[in-house]
Each structure stands twice: as structure tokens, then as C-alpha cells.
Amino acid sequence: MDEEKHAGLGFHVQPRPDDHEETPQEREMRFRRSYLADMDCTPCNAKPDGMVIAEVEDCRGVDVGRRQDHQDLFARYGKGAWMWVWVTRSHVQSDPHRQWPTIEVWLDGESAGCLTPLQTSRHYLQVPEDGCVTQAHIRQDPHTGRYHMRVELPPKHEEIDLSPYIIRDQSVAASDRQIIASIADGRLDAVAHG
């Protein structure tokens, strides 16, 4: 069976096997493989040290929030760029969710944003406490020209209650953020020497 162009998405869909009914998960994976096959997903930056959470083919894209704060960072890479990122468990630094747990994304040692509370509740347990490496890519809104990032994470788990993970001590949160920034930037000596 020939590949057919998926209407509106601009990529060719791999044919469905004729010998069985496809589950929704199988269909989603077939569409994802087709989408990725038409793209160059080669990261354009150096891979940070650390464990890779999963291969990009096994992940799903999740929007990274606070894109308005990171337009200059995203513009350095531009539309369609894929890159390595470091993801960590962190805590929201601004109201209204101050000190609630989040998953923060770091690009070349700079914070590139964090996941929403809902997305954090679906992916929090996948990110090890000491962080991990995955890929992300930059998209650009065709109407506004604003950039946004999607980070690749394994398929979501059941939503969890994040309240047990809230940090109540402000000094601990500030110290953790300094350590995470040092690790993401590769400044391990700053962590070792305090």
C-alpha cells in the first residue's frame, strides 16, 4: 500500500497493516513515526551529561510554559530546531503556584521554562530527582511569530496529587535552584565546592 499524505499536517503517513485492526495507541505511534521520518530530529547543540530519559521515537511532545520569557533564547535556535535539554524536578518561583512542584527545562545552562501543573502531574514521576536528558524542538506560531518549545517526554502516567511535593522552606528552594542551574550549565565544580 502506498503512503498517503495526511490532510492538513503536511507529512506522509506510513500505511496501516491490513492484517489487523489498529488500536488508538498503535495508530498514534504510526502517525508519530511518519511525522518524525519527514523531519531532521538531529539536535543542534551539545548533549548534556546524564541519563537520556527515552528515545525520541518513544516520547510525546509536551508544551513548555512561560514561552514569553524565553523568546530570545528560542530565537537563537529558530523554527524547527531540535536540541538536547536537561529536565529537572523543580518548584514554581512565581505566584499563584509558588513552591508547587514543576518540571523545569534547561537549554544550554539557561532555564527555558517549565511544565504547567497539569502536565507536571502527568510526567513528574518519570523525571529522576537528579534530572535527566531528553530532546526538545522549537516551533513558531505562523500568525504571531512567537516561538514555543515542546519537550519530548515518555507517554504520560496517571495524574498524581502534587501537594505532598510542595516545598515549605524558601531557603531550601533557593539553594536547590542554584545547584540545578550549576548542573545544567555543566559547572559541577560550583556544586562540589559550595
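# Salt bridges and more in a predicted model

Trainee: Which is E129, buried or exposed?
Mentor: Let's start with the kind of structure this is: the model is predicted. Residues over 50% relative accessible area count as exposed. E129 has a relative accessible area of 68%, so this residue is exposed.

Trainee: How many salt bridges does the structure hold?
Mentor: To count as one, a side-chain nitrogen of Lys or Arg must lie within 4 Å of a carboxyl oxygen of Asp or Glu. R89 and E129 are one such pair, with their closest N and O atoms 3.5 Å apart. In the structure, the number of salt bridges is four.

Trainee: How many residues apart in sequence are the parts tied together by R89 and E129?
Mentor: R89 and E129 form a salt bridge. R89 belongs to strand β4 (residues 82–91), while E129 is in the loop between α3 (117–123) and β7 (132–140), so the parts that this pair ties together are apart in sequence by 40 residues.

Trainee: Which is R89, buried or exposed?
Mentor: The charged end of R89 also sits over the ring of Y124, 4.4 Å from its centre. Under 20% relative accessible area is the cut-off for buried. R89 has 16% relative accessibility, so this residue counts as buried.

Trainee: How far apart are the closest N and O atoms of R76 and E110?
Mentor: R76 is exposed at 56% relative accessibility, and E110 is partly exposed at 34%. Their side chains form a salt bridge, and the distance between the closest N and O atoms is 2.9 Å.

Trainee: Where in the structure does E110 lie?
Mentor: Think of the salt bridge between R76 and E110. R76 lies in helix α2 (residues 71–77), and its partner comes 34 residues away in sequence, so the pair ties that helix to residues 110–114, which is strand β6.

Trainee: Which residue meets E159 in a salt bridge?
Mentor: E159 is partly exposed, with 48% relative accessibility. Its partner is buried, with a relative accessible area of 16%. The two side chains meet at 3.3 Å, N to O, and the partner is R122.

Trainee: Which helix holds R122?
Mentor: Not counting residues up to four places away in sequence, R122 touches K156, H157 and E159. R122 itself lies in helix α3.

Trainee: Which ring does K47 lie over?
Mentor: For a lysine, the NZ atom has to be within 6 Å of the ring centre to sit over a ring. K47 is 5.9 Å from the ring centre, over the face of W84.

Trainee: How many strands does the protein have?
Mentor: Read along the sequence, the pattern is β-β-α-β-α-β-β-β-α-β-β-α-α. That comes to five helices, and the number of strands is eight.

Trainee: What share of the protein's residues count as buried?
Mentor: The protein exposes about 11100 Å², with carbon and sulfur atoms supplying 49% of that area. Of its 194 residues, the share that count as buried is 43%.

Trainee: In which helix is confidence lowest?
Mentor: The protein averages a pLDDT of 77, and 66% of the residues score at least 70. Confidence is highest in strand β5 (residues 101–107), at 93, and lowest, at a mean of 46, in helix α5.

Trainee: How many contacts does the stretch of residues 188–194 have beyond near neighbours in sequence?
Mentor: Over residues 188–194 the pLDDT is below 50. In the model, the number of contacts of this stretch beyond near neighbours in sequence is six.

How values were computed
Residues numbered from 1 in each chain as written. Predicted model: local features only at pLDDT ≥ 70, side-chain atom pairs only at ≥ 80, totals over all residues. Heavy atoms only, no water. Lys NZ or Arg CZ within 6 Å of the ring centre and 35° of its normal. Helix = DSSP H or I, 4+ residues; strand = E, 2+ residues; numbered from the N terminus. Buried < 20%, exposed > 50% of the residue type's maximum accessible area, 1.4 Å probe, protein only. pLDDT = per-residue confidence, 0-100. Contact = heavy atoms within 4.5 Å. Areas by Shrake-Rupley, 256 points an atom, 1.4 Å probe, with all protein chains shown as cover.
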